[in-house]
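Work through the exercises below with the sequence and the 3D model at hand. Try each task before reading its solution.

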Amino acid sequence: MVRNVTWRTWLMHAVLIFGTVILAFPIYTALVASTHTVRAVITEMPLWFGSQAWENYITVLSGGASEVGIPPVGIMMFNSVVMALGITVGKLSVSLLAAYAVVFFRFPLRRVFFWMIFITLMLPVEVRIMPTFEVVSDLGMLNSYSGLILPLIASATATFLFRQFYLTIPDELFEAARIDGAGPLRFFWDHILPLSRTNMAAMFVILFIYGWNQYLWPLLVTSDESMYTVVMGLQRSTAMPDAIPHWNLIMSTALLGLLPPVLVVVFMQRLFVKGLVETEK
Amino acid sequence: MAEIKLEEVRKSYGPAEVVHGVDLTIPDGEFLVLVGPSGCGKSTILRMIAGLETVTSGRISIDRRIVNRLEPKDRDIAMVFQNYALYPHMSVYQNMAYGLKVRGVHKADIHNRVNEAAVTLGLGEYLDRKPRALSGGQRQRVAMGRALVRNPKAFLFDEPLSNLDAKLRNQMRVELKQLHARLKNTFVYVTHDQVEAMTLGQRIMVLRDGNVEQVGTPDEIYNQPASTFVAGFIGAPSMNILSGSVDGDAIRFAGKAGLVHAGSLPGREVKIGVRPEHLCLRKEGEGDYCQVRAKVALIEPLGGDTVVHCRLNGGSDENIIIRVHPDEKVGENETAILYFKADTLHLFDAETQRRINGVQVCAG
Amino acid sequence: MAVMQDKRVHFRNKWLPYLFIAPQMVVILVFFFWPASQAIKQSVYLEDPFGLSSQFVWLDNFTALFTDPHYLESVKVTLVFSLATIGLSLSVSLLLAVFADQVIKGANFYKTFIIWPYAVAPPLAGVLWLFLFHPAGGVVAYLLNHAGIDWDYFANSGQAMLLVVVAAAWKQISYNFLFFLAGLQAIPTSLLESAAIDGAGPVTRFRTIIFPLLSPTTFFLLVVNVIYAFFETFGIIHAATQGGPGGATNTLIFKVFNDGFIGLDLGGSAAQSVVLMIIVMMLTILQFKFIERRVQY
């Protein structure tokens, strides 16, 4: 089509720019707030950066904001990294193996297992949160990394993704490898893993964001501040209607908490989009 | 190097039997071609030899050892697939080396064998490339190389040339034949292409619907087809099959034309086969010629020779195709007299469609 | 997803497949099937808050649930919240996607700047918007007050709802935008060109060609957004309004948490869990049905 209607193009650009600005606005104000003193934020409502950034970030990272309800962010960031990577690596390895069994083997109970895995697709952790909490509590896993990580591995989205992918690997490739002498373990190691690289990377991105952003679950299973994650660590600091929140510190913490997954999305955009689209198939 | 033997081999998928009891002995070093239309069971047979399909009943042995229950890797065979089945994440070198590496062959030995095969196949400069950076013909060579380096007891080919363009296919066919002449391993080759079957095979097995129609040398298959199916399948254009009726000593076909036969015929109806190249527009020297009248419907000049489509006169409305020298002058819609020698005829039982042997015929 | 497909050939090995599938089965048995069955069991028992005794009560918990005005109020709140969130986020993302699809220059640039909110955790999204709307220090609250609106979402339930809706929609725009854009880019240009030759203007083209062809994507997004609004917005509400004021933003998922962990009503909470499970299951089946159909075409 001949696109010579320039005013219309300009209008579209204007709307798009307006849209992106609105989307970014909360982040911008958060950034600005994180560079001022709390007094300045509340009384002057600044729209440009101040000079308190260093102090604010050092304060929250070192635990100096504990009295306003923010546990040491350094420790929380570490916990978040452990939880996110634990969920990501755990889910990837469990699902790569399970999908391999379901696709490349024939064995009794295969269908039963398959449908059991299938059912887990339907129920996110949020809706079975109470009983899951009790199970984890019974197993003595409250306030532990395994308690944070394992229950969130118990769904099969990744298993299904890999199963779909394995099914697209041509039969001939599998047959050629068998004639070449590869057994099940060798075939997995020499062929399946290298061929799954892109899918693993895409899944890694999605699972990392999923793991990092967990909220309700860490809220329940951690009561010890040293086990808090950064995404949940803010909850007590804003929940007081009467007190004036320490916006500078809250926003510093919030920005630190959202930075890793946002960076992942921005810099691994292609893998992120692939992962997002693939998991919905 | 090994003899491959199939005894009463059957294959069923659930209730449906697709291979109905095949017996075949492939002597050591033979180039055997399995040919037939799609769905005839030829690939299934090859895959059973490879160990990729289980054998429902019967026995397969390689080198006098029954292999029914052996994994493919323990049968010491190599296979080339139609779509090549190269490992996309491995370089050409790694693709060829893989089978040796898995078997624990020494690195230096692998290196020598892969390089040797690469030189043979003209792949020397592509060893570091990934399959996706190769042309179709080169991929085909890598697939061959992968089989070659293993020096297995037998090579199995599953329509290896059908993804190539016509020119490349002819070239690879010649190379395959030379390869076999040099290696002298047992080759089992599946194709649906009768030209490949005729040019490559020392023996050919023609299959149809899971049954063996005929096993024989290309010469036997061509000159003594065991059934109308084989007669029609091998040779291009196909053999003309005309209906004939037995009347005492005579066989009538194409309206009035007749033959005299000596010997006993199984029924009242027969099929008469005659190849297009055995029909001509005039007698050449002396001989026992039959003749039929036909109207020329269409002329296809192929350059080297000309294919003429005719319609037989005499109410039978059968089509007949002849292949003649391009200098022959014949025009569409003309009526022509077609001659053929009685000893080039093939007689088939109209009911069983099998060849009738031991019956002499002459023009009558 | 085509649910049951198979490979032509398989490995023959007796114990290896069990070894491979074991980690997955252990994890889902312990952390999925056991809790899920507990939820179903608890939903038909009445237990005292200290867990000392329990009594089988048939479906009493469910009856109690559906006659409880607080629960029915929560259902209403959830519906309002979901409709508003989905409507807002779908319409904005469709607009942005249509425009981004049509501008030739900069489409990827806009894409990058539109998709990142997806990565922000719901509670952090809640906190970011809370700040903007907060009576003490919030820029938007300040502007609203200056415009003569008496802004205080701590007291005003409509305003509290608006806050969580904006935050929830903001986060979901990225996702919807990506799928709308993909759907738009899949529409063959030749179709639009032939419509243009037939004399259809841009608005007509959108209404008669683009929108109908986009309807599978829209339907898919609708289901995904319902699931999102129902279940994944817990963090936003917990961080921004705590379900208040006076239950004005107390959605079903928030109520499960609140009744179970704060109110310690195990049977009631379990019954709520079961109801939610049934809702998600139905939505998921709807989604699978739809995707299966899409695959066939």
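**Exercise 1.** State how many residues chain A and chain C each give to their contact, and describe the side of chain A.

*Solution.* Step 1: chain A gives 88 residues and chain C gives 84 residues, where two residues are in contact if their C-beta atoms, placed from the backbone, lie within 7 Å. Step 2: helix H1 (residues 6-33) of chain A supplies the largest share of the side of chain A that touches chain C, 14 residues. Helices are DSSP runs (H or I, at least four residues), numbered from the N terminus. Step 3: sorted by class, this side of chain A holds 66 nonpolar, 15 polar and seven charged residues. Ala, Val, Leu, Ile, Met, Phe, Trp, Tyr, Cys and Pro count as nonpolar, Asp, Glu, Lys and Arg as charged, and the others, Gly among them, as polar.

The model is predicted: local features need pLDDT of at least 70, side-chain atom pairs count only at pLDDT 80 or more, and totals for chains, interfaces and linings use all residues. Residues are numbered from 1 along each chain as its sequence is written, while chains are lettered from A and ligands numbered from 1 in the order in which they are written.

**Exercise 2.** Describe how domain 1 and domain 2 of chain A meet.

*Solution.* Step 1: the bounds, which come from an automatic or database domain assignment, are 7-68 for domain 1 and 73-277 for domain 2. Step 2: the centres of these two domains of chain A, taken over C-alpha atoms, are 31 Å apart. Step 3: domain 1 of chain A brings 18 residues to the contact and domain 2 of chain A brings 13 residues. Step 4: on the side of domain 1, H3(A) gives the most, with six residues. Step 5: that side of domain 1 has eleven nonpolar, seven polar and no charged residues.

**Exercise 3.** Which residues of H14(A) and H5(C) meet, and at what angle do the helices pack?

*Solution.* Step 1: helix H14 (residues 247-267) of chain A and helix H5 (residues 122-133) of chain C pack at about 145°, with axes 10 Å apart. Axes are lines fitted to C-alpha atoms, for helices over the stretch in contact, and angles run from 0 to 180 degrees between N-to-C directions. Step 2: from H14(A) come Trp247(A), Ile250(A), Met251(A), Ala254(A), Gly257(A) and Leu258(A). From H5(C), Leu124(C), Val127(C), Leu128(C) and Phe131(C) meet them. Step 3: by class, the contact of H14(A) with H5(C) has nine nonpolar residues, one polar and no charged.

Methods
Helices (H or I, at least four residues) and strands (E, at least two) are DSSP runs, numbered from the N terminus.
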